[in-house]
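Work through the exercises below with the model open beside you. Try each task before you read its solution.

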Protein chains: 2
Amino acid sequence: MTVSDSEKKCKIAVDAMGGDFAPKNVVIGTVNALSTLEDAELFLIGDKEKILSILKESNLSFNNENIIHTPEVIEMGESPTSALKSKPNSSLVIGAKMVRDKQAHAFVSAGNTGAMMAASTLITGRIEGVGRPTIGAQLPNIFGHCSLYDVGAGKDAKAIHLLEYAIMGSIYAKEIDGISNPKVGLLSMGEEEGKGNDVANEAYDLLKNSNLNFIGNVEGRDLLTKEIDVVVCDGFVGNILLKFGESVPKLLKHLLQQTAKKNVLDAIKIMLVKSTMKKALKSLDYQEHGGVPLLGINGISIIGHGSSTPKAITNMILKAKKMFDNNLVEKIQRSISDYKKKDIK
Amino acid sequence: MTVSDSEKKCKIAVDAMGGDFAPKNVVIGTVNALSTLEDAELFLIGDKEKILSILKESNLSFNNENIIHTPEVIEMGESPTSALKSKPNSSLVIGAKMVRDKQAHAFVSAGNTGAMMAASTLITGRIEGVGRPTIGAQLPNIFGHCSLYDVGAGKDAKAIHLLEYAIMGSIYAKEIDGISNPKVGLLSMGEEEGKGNDVANEAYDLLKNSNLNFIGNVEGRDLLTKEIDVVVCDGFVGNILLKFGESVPKLLKHLLQQTAKKNVLDAIKIMLVKSTMKKALKSLDYQEHGGVPLLGINGISIIGHGSSTPKAITNMILKAKKMFDNNLVEKIQRSISDYKKKDIK
């Protein structure tokens, strides 16, 4: 079951126990993904009995040998590092080990985010030269979308980490999103140089002197309204922004409901426009995107939202496959290594 | 022209030269404010000739003695501290001095934000014990609104500054927004204690041990969806979040337009709902709120958006008056002093 370089078939391990609606949503999403994928082998890691029972009740089939039984489950609320230690036979640990041991190219989980990050970083391991792995998230934007790194792999960042995020994010934008020369921005309080905090100002210099397509500082408003592909910030800022953005539709719904309450005509109009609004706001729905990649890991690692639907799980698997097809991990390895060499000179 | 404690009439200095549409919008907004205010004296600080010409062309009247001529103007793009030094006779410097010298209780400006902050902090001066003044902004929220401190007075913050923001923000929420026991949250990456960066985790302890109504960490999504009155974070995070939030309507408009392009029926529905949407999104319009207060200053300081309309200027003046009526500055002085005394024991 070892993955050799010559073997082109992509092997993706899926955490069947990850997410609020696991294993059901994961099993359905995985089977659906398999039906659309060529040259890929999928593994379901988790409680075999439960997985089989879902397959049966949903009238789905999945290769029995590709169901890897794991007796332990890391729950959503558990402390990541202690859970990894106390539950060595959990689906999260086994999945991360499969990538480490080259039994799989990718691991996908909608489980405990902190534990998935810890498993990927500590078990699968970082790419040499990467100080800190990073999670990117796509935000819709009037020019398409922009990817924000980091949205929570770290709690803070040194300037060099922000540069690493920019390098890795640019490769992802190029290889996966097909953007030929991704525009990179540094999240800050003003457009001019020197408008940031100390870390941002130091990162500005590193980015300016890199070979990235650095367009300078970008402000909060630019994320949604400027033509920009990759924006870097520390995980604290990025995580808060991402969650803030995700909650906007809920506020909108509330504001429309309040308006409807005040006036019958408005209420009718809002009722009429409901399905149209839903279409318009589709790009704000994270389920459409599937999970977010954890870049900087020595293998493909995709982290999903706890409330992932089967569709989100399918999209996460398709994303992992695309990363494999485009040799993303190898390209990141090469770029980071090139940068470090240049830096040492 | 000195303000004595016994004199109850509120004196508000307005920077006539501040903002992209100054002095016109400021002059109109100030005259409009005057017509609704009792017990208040307003001053227009700026180029007297220009002010008089706008009054004439708009067919408005304003007490000639209350127009304070200043020959210099700090432009929107100028570096704050050097502008303050090189233009001692600018409206921004003179306005801040009027508050320092007790010739006015409040100073209101929609001009260069950095220069207004610097003028208020360096010329008018901080309240004793306040390490760093803070700007708060109101975000709409499904329970009404929540106020975020700091949104850009500082670029970073120590834990003690976050506590000061919480103390000052709570007083503002109580006195100006009429919330009896304001719920205070600390912006972080997760709800549980210890989920933040180092500064946030340290601030958690300070807030927990304060006599504020501290409800713990809040996440990005909670700003719009949780019943919470005051949320504290450093100015870097707050500024980025605020500007991000302000740009949401622009993205929505774009998404609706894109949907309309694809389908005629959707286009008609969107056209029909336009005015209703505008009503619903009214709370997202900063012009409705007027400017944001800079708390921690030894006097009332209100900072407006560069693109302030006359209505926004009026609202800024009304806000300054409300802060005066509720003795906000004195109450902040007392609370900070009480906290420092307690802290020393």
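Helices (H or I, at least four residues) and strands (E, at least two) are DSSP runs, numbered from the N terminus. Residues are numbered from 1 along each chain as its sequence is written, while chains are lettered from A and ligands numbered from 1 in the order in which they are written. The model is predicted: local features need pLDDT of at least 70, side-chain atom pairs count only at pLDDT 80 or more, and totals for chains, interfaces and linings use all residues.

**Exercise 1. Place one residue**

Find the helix that holds B:Arg334, and decide how exposed this residue is.

Solution.
- Step 1. Locate B:Arg334: it belongs to helix α14 (residues 328-344) of chain B.
- Step 2. Recall the classes. A residue is buried if 20 or more other C-beta atoms (placed from the backbone) lie within 10 Å of its own, exposed if 12 or fewer, and partly exposed in between.
- Step 3. Apply the rule: B:Arg334 has 13 other C-beta atoms within 10 Å, so it is partly exposed.
- Step 4. Look at B:Ile127. It lies 207 residues from B:Arg334 in sequence, with 9.8 Å between their C-alpha atoms.

**Exercise 2. Trace the sheet of chain A**

Give the strand order in the open sheet of chain A, and find the strands at its edges.

Solution.
- Step 1. Fix the rule: two strands pair if DSSP finds at least two bridges between them.
- Step 2. Read the order of the 11 strands in chain A: β3-β2-β1-β4-β11-β10-β5-β6-β9-β7-β8, with mixed pairing.
- Step 3. Find the edges. In chain A these are β3 (67-69) and β8 (213-218); each has a single partner strand, so one side of each has no neighbour in the sheet.
- Step 4. Check the twist. On average, neighbouring strands of this sheet are turned by 25 degrees against each other, direction ignored.
- Step 5. Examine one pair. Strands β6 (residues 144-149) and β9 (residues 230-232) of chain A run parallel and are joined by three bridges. A:Tyr149 has A:Val232 in β9(A) as its bridge partner.
- Step 6. Add a helix. Helix α9 (residues 235-246) of chain A packs on the sheet and touches β5 (134-141), β6 and β7 (183-187) of chain A. Its direction makes about 145 degrees with that of β6(A). Contact requires C-beta atoms, placed from the backbone, within 7 Å. Axes are lines fitted to C-alpha atoms, for helices over the stretch in contact, and angles run from 0 to 180 degrees between N-to-C directions.

**Exercise 3. Test how covered β1(A) is**

How many residues of β1(A) are buried?

Solution.
- Step 1. Count: six of the six residues of β1(A) are buried.
- Step 2. Sort them by face. A:Cys10, A:Ile12 and A:Val14 are on one side, and A:Lys11, A:Ala13 and A:Asp15 are on the other.
- Step 3. Find the pairing. β1(A) and β2(A) are parallel partners over six bridges. A:Lys11 has A:Glu41 in β2(A) as its bridge partner.

**Exercise 4. Explore helix α4(A)**

Which elements of chain A pack against the buried residues of α4(A), and how does this helix cross α5(A)?

Solution.
- Step 1. Check burial. Eight of the 10 residues of α4(A) are buried, so the helix is largely enclosed by the rest of the structure. Among them are A:Leu92, A:Ile94 and A:Met98.
- Step 2. List the partners of the buried residues: β1 (10-15), β2 (40-46), β3, α3 (80-86), β4 (106-109) and α5 of chain A.
- Step 3. Take the helix pair. α4 (residues 91-100) and α5 (residues 113-124) of chain A pack at about 35 degrees, with their axes 9 Å apart.
- Step 4. Name the handedness. The crossing of α4(A) and α5(A) is right-handed: the near helix is turned clockwise from the far one by less than a right angle.
- Step 5. Pick out contact residues. In α4(A) they include A:Leu92 and A:Ala96; in α5(A) they include A:Met116 and A:Ile123.

**Exercise 5. Relate the two chains**

What rotation superposes chain B on chain A?

Solution.
- Step 1. Superpose by least squares on the C-alpha atoms of residues with pLDDT of at least 70 in both copies.
- Step 2. Read the result: a rotation of 180 degrees with 0.0 Å of shift along its axis, at RMSD 0.0 Å. The two copies are thus related as by a two-fold rotation axis.
- Step 3. Turn to the interface, where 42 residues of chain B are in contact with 42 residues of chain A. On the side of chain B that touches chain A, α9(B) gives the most, with nine residues.
- Step 4. Compare the surfaces. 100% of the interface residues of chain B are also interface residues in chain A, so the copies meet through the same surface.

Conventions. Contact = placed C-beta atoms within 7 Å.
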